[in-house]
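Colleague: I have some labels here that I would like explained. Let us go through them one at a time.

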Amino acid sequence: NYLGQHNFIEVETPILSATASGALAKPFITHHNALDTDFYLRIAPETYLKRLIIGGYDRIYEMAKCFRNEGLDPSHLQEFTMLEYYVAYWNWQDNLKFTEQLISSLVKSVFDDYKIKSFNNEIDWQPPYKAVTMREQILNDTKIDIDMQSTVTSLKLEIAKQGIVIEDIDTLGYGNLVDALFKKVSRVKL
C-alpha cells in the first residue's frame with residue numbers, strides 16, 4: 001500500500017532465465033525439457049527491474065521469489081521472497097530517506113507504535129536513522145581503516161593481525177574482501 005500511495009507500479013519479472021544474473025550468488029540450474037535447454041532460477045529481480053527503469057517506468061517494485069544455491073545458516077535460505085524497488089532520477093540520499101519512511105510506516109502499521117521489543121531490546125524505528133559509512137563501522141568494530149589499506153595484500157595483513165578469519169579470503173578481490181569483513185565483524189552488531 002505504501003508503495004502504491006507513492007506512485008509505484010507493481011511488476012512481475014521472469015523467474016527462469018537463460019543466464020545467471022542479479023546478485024553475486026550461486027544460482028540453481030533447472031532443465032527445460034521442451035527446449036532441451038538449461039535455465040537458471042533467478043537469484044534477484046534486479047536486472048529485469050533495471051530494464052524497466054531504462055524503458056521509461058519511473059517507479060517500480062516487485063515482491064520477488066528468489067533462489068540462491070549457497071550456504072545454509074540463519075542468514076541464508078535457498079528460497080525466499082524479497083522486496084526490490086527502483087526509482088528513476090533518485091540519488092542515494094533520496095533512496096535512504098524513502099526507505100526510512102517505508103520501514104517506519106510498516107512498523108507503525110503492524111505494531112501501532114514505532115518502538116518494538118526484540119530479544120529484550122527496544123528498537124525505535126522512528127526516522128531519521130543513524131547513518132554511518134561502511135568504513136566508519138568497520139573502523140569502529142576492528143580498528144582497521146579500509147581507506148588506509150587500499151590493496152588486497154595490505155588489507156589481508158591487517159585482517160590477519162586482528163585475528164579475524166574470513167572464509168576463502170584468498171579468492172576475494174578488494175571490494176569483496178571489504179564486504180566479507182563488514183559481514184563478519186559489523187553486520188552482526190547492527
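## Labels and the values behind them

Modeller: Glutamate 84 is in contact with Ala44, Pro45, Glu46, Leu49, Ile60, Tyr61 and Glu62, leaving aside its neighbours within four places in sequence. Bear in mind that this is a predicted model.

Colleague: What makes these residues contacts of glutamate 84?

Modeller: The cut-off is heavy atoms within 4.5 Å. Ala44 and Tyr61 are among the residues that pass.

Colleague: Why is glutamate 84 called buried?

Modeller: Buried means under 20% relative accessible area. Glutamate 84 has 11%, so it counts as buried. The residue sits in strand β6, residues 79–87.

Colleague: What makes the pairing of glutamate 84 with tyrosine 86 a polar contact?

Modeller: The limit for such a pair of N or O atoms is 3.5 Å. The side chains of glutamate 84 and tyrosine 86 come to 2.6 Å. The pair therefore falls within the limit.

Colleague: How far apart are glutamate 84 and lysine 115, in sequence and in space?

Modeller: They are 31 residues apart in sequence. From C-alpha to C-alpha, the distance in space is 25 Å.

Colleague: Now glutamate 158. Why is it called buried?

Modeller: Its relative accessible area is 18%. The cut-off is under 20%, so glutamate 158 is buried. This residue belongs to helix α5, residues 152–161. Beyond residues up to four places away in sequence, glutamate 158 touches Ile144 and Gln149.

Colleague: What about tyrosine 89: buried or exposed?

Modeller: Exposed means over 50%. Tyrosine 89 has 77% relative accessibility, so it counts as exposed. Its place is the loop between β6 and α3. Its phi is near 75 degrees, a positive value in a residue other than glycine.

Colleague: And why does phenylalanine 119 count as exposed?

Modeller: Phenylalanine 119 has 78% relative accessibility, and the cut-off is over 50%, so the label is exposed. It lies in the loop between β7 (115–118) and β8. Phenylalanine 119 also has a positive phi, about 50 degrees, although it is not a glycine.

Colleague: How do you know that the bond between proline 127 and proline 128 is cis?

Modeller: Omega is about 0 degrees for the peptide bond that joins them, and that bond is cis. Proline 128 is found in the loop between β8 and α4.

Colleague: Why do you say that the buried residues of α4 line one face of the helix?

Modeller: In α4, residues 134–142, the buried ones are Gln137, Ile138, Asp141 and Thr142. Seen down the helix axis, they fall within an arc of 105 degrees, so they line one face. The cover over these buried residues includes α6, residues 174–185.

Colleague: What follows α4?

Modeller: Lysine 143 does, with a positive phi near 70 degrees.

Colleague: How do you know where empty space is left?

Modeller: Rolling a probe the size of a water molecule over the atoms shows it.

Colleague: What did the search of the whole structure find in the way of cavities?

Modeller: The search finds one cavity of 30 Å³ or more. The volume of the largest cavity is about 60 Å³. Its lining includes Pro14, Ser17, Tyr40, Arg42 and Tyr48. The elements that give two or more residues to this lining are β4 (37–41) and α2 (46–54). By type, the lining divides into seven nonpolar, four polar and one charged.

Colleague: Which residues are closest to the centre of the largest pocket?

Modeller: Glu70, His76, Asp179, Lys183 and Arg187 are, out of 26 that line the largest pocket. This pocket holds about 1,100 Å³ of space. Helix α6 gives the largest share of the lining, five residues. The lining has 11 nonpolar, five polar and 10 charged residues.

Colleague: And what lines the second largest pocket?

Modeller: Its lining has 19 residues, with Tyr129, Lys130, Ala131, Val132 and Leu190 nearest the centre. The volume is about 690 Å³. Helix α3 supplies the largest share of this lining, five residues. The types are 11 nonpolar, four polar and four charged.

Conventions. Residues numbered from 1 in each chain as written. Predicted model: local features only at pLDDT ≥ 70, side-chain atom pairs only at ≥ 80, totals over all residues. Heavy atoms only, no water. Helix = DSSP H or I, 4+ residues; strand = E, 2+ residues; numbered from the N terminus. Buried < 20%, exposed > 50% of the residue type's maximum accessible area, 1.4 Å probe, protein only. Polar contact = N/O pair within 3.5 Å; in protein donor to acceptor, adjacent residues only side chain to side chain. 1 Å grid on protein atoms, 1.4 Å probe; cavity = no way out; pocket = protein on both sides within 12 Å on 5 of 7 lines; lining within 4 Å. Points joined across faces, edges and corners; volume = space filled by probe spheres on them. Nonpolar A, V, L, I, M, F, W, Y, C, P; charged D, E, K, R; others polar. Arc of directions from axis to C-beta.
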